[in-house]
Amino acid sequence: MPEDPEPTGDERELFLRWLVYLRESLLTRLDDIDEAQARWTPDGKLIQLLGIVNHLAHVERRWTDGVYLGGAFSRSEEEFRVPVGRTIAEIVADYRAAAANTEAVVRAAPSTNDLCRSDTHPGIDLRWVLIHLVEETARHAGHADATRELLDGKTGD
């Protein structure tokens, strides 16, 4: 498991450190499982592990490139279902690329007070987006913990 984030007085850095911690914690749920297990759901409930990671990659892009930077974005329940031809390695690589993009966008911003450019979310700033990304990642990391424990008994942090 990753180490808890180091404290810092730099708000932007603190948000980014928590996102790294939560992402890495989530990705440990994929350790030592095969492709079929990564798509398993208990009695069709909860969300498959791979679907969680795929969804969170979309979430990061939607909020940084879409809402914050003002690009086009959409949301679909299909984000939670990964086509059979896509592998764990591909989904994880895509998630890491989305995370790197988030970090680059956040570091390039003038401040966390910078307002989002999308007209779909008037009045919210980058700070709000970062808090939302922490919340969304933490929520789904909990889903991943539950799914993995039901899958094979492995528990997380």
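These are my notebook entries on a helix pair and two single residues in a predicted model.

**Helix 1 and helix 5**

I began with helix 1, residues 11–27, and helix 5, residues 126–152, and found that their axes come within 9 Å and cross at roughly 20 degrees. Angles under 35 degrees count as roughly parallel, and helix 1 and helix 5 are therefore roughly parallel to each other. I then looked up the handedness, and the crossing in which helix 1 passes helix 5 is left-handed.

Next I listed the residues that meet: from helix 1 I noted E11, F15, W18, L19, L22, R23 and L26, and across from them in helix 5 I noted R127, L130, I131, L133, V134, T137, A138, H140, A141 and A144. Sorted by character, the residues of this contact are 12 nonpolar, two polar and three charged.

**E60**

I turned to E60, which lies in helix 3, residues 49–68. Is E60 buried or exposed? Its relative accessible area is 1%, and buried means under 20%, so I entered E60 as buried. The side chain of E60 makes a polar contact of 2.8 Å with the side chain of R23, and R23 is one of the helix 1 residues in the contact with helix 5. Leaving aside residues up to four places away in sequence, I recorded that E60 touches R23, D65, Y95, A98, A99, T102 and L133; among these, L133 is listed on the helix 5 side of the contact with helix 1.

**G153**

Last, I checked G153 in the segment after helix 5, and I noted that G153 is partly exposed, with a relative accessible area of 45%. From G153 to G51 I recorded a separation of 102 residues in sequence and 19 Å in space, taken C-alpha to C-alpha.

Key:
Residues are numbered from 1 along each chain as its sequence is written. This is a predicted model: local features need pLDDT of at least 70, side-chain atom pairs count only at pLDDT 80 or more; totals for chains, interfaces and linings use all residues. Side-chain values use heavy atoms; hydrogens and water are left out. Axes are lines fitted to C-alpha atoms, for helices over the stretch in contact, and angles run from 0 to 180 degrees between N-to-C directions. Helices (H or I, at least four residues) and strands (E, at least two) are DSSP runs, numbered from the N terminus. Angles under 35 degrees count as roughly parallel, over 145 as roughly antiparallel, 65 to 115 as roughly perpendicular and the rest as oblique. A crossing is left-handed if the near helix is turned anticlockwise from the far one by less than a right angle, and right-handed if clockwise. Contact means heavy atoms within 4.5 Å. Ala, Val, Leu, Ile, Met, Phe, Trp, Tyr, Cys and Pro count as nonpolar, Asp, Glu, Lys and Arg as charged, and the others, Gly among them, as polar. Buried means under 20% relative accessible area, exposed over 50%, partly exposed in between (1.4 Å probe, protein chains only). A polar contact is a pair of N or O atoms within 3.5 Å; within protein, one must be able to donate a hydrogen and the other to accept it, and residues adjacent in sequence count only if both atoms are side-chain atoms.
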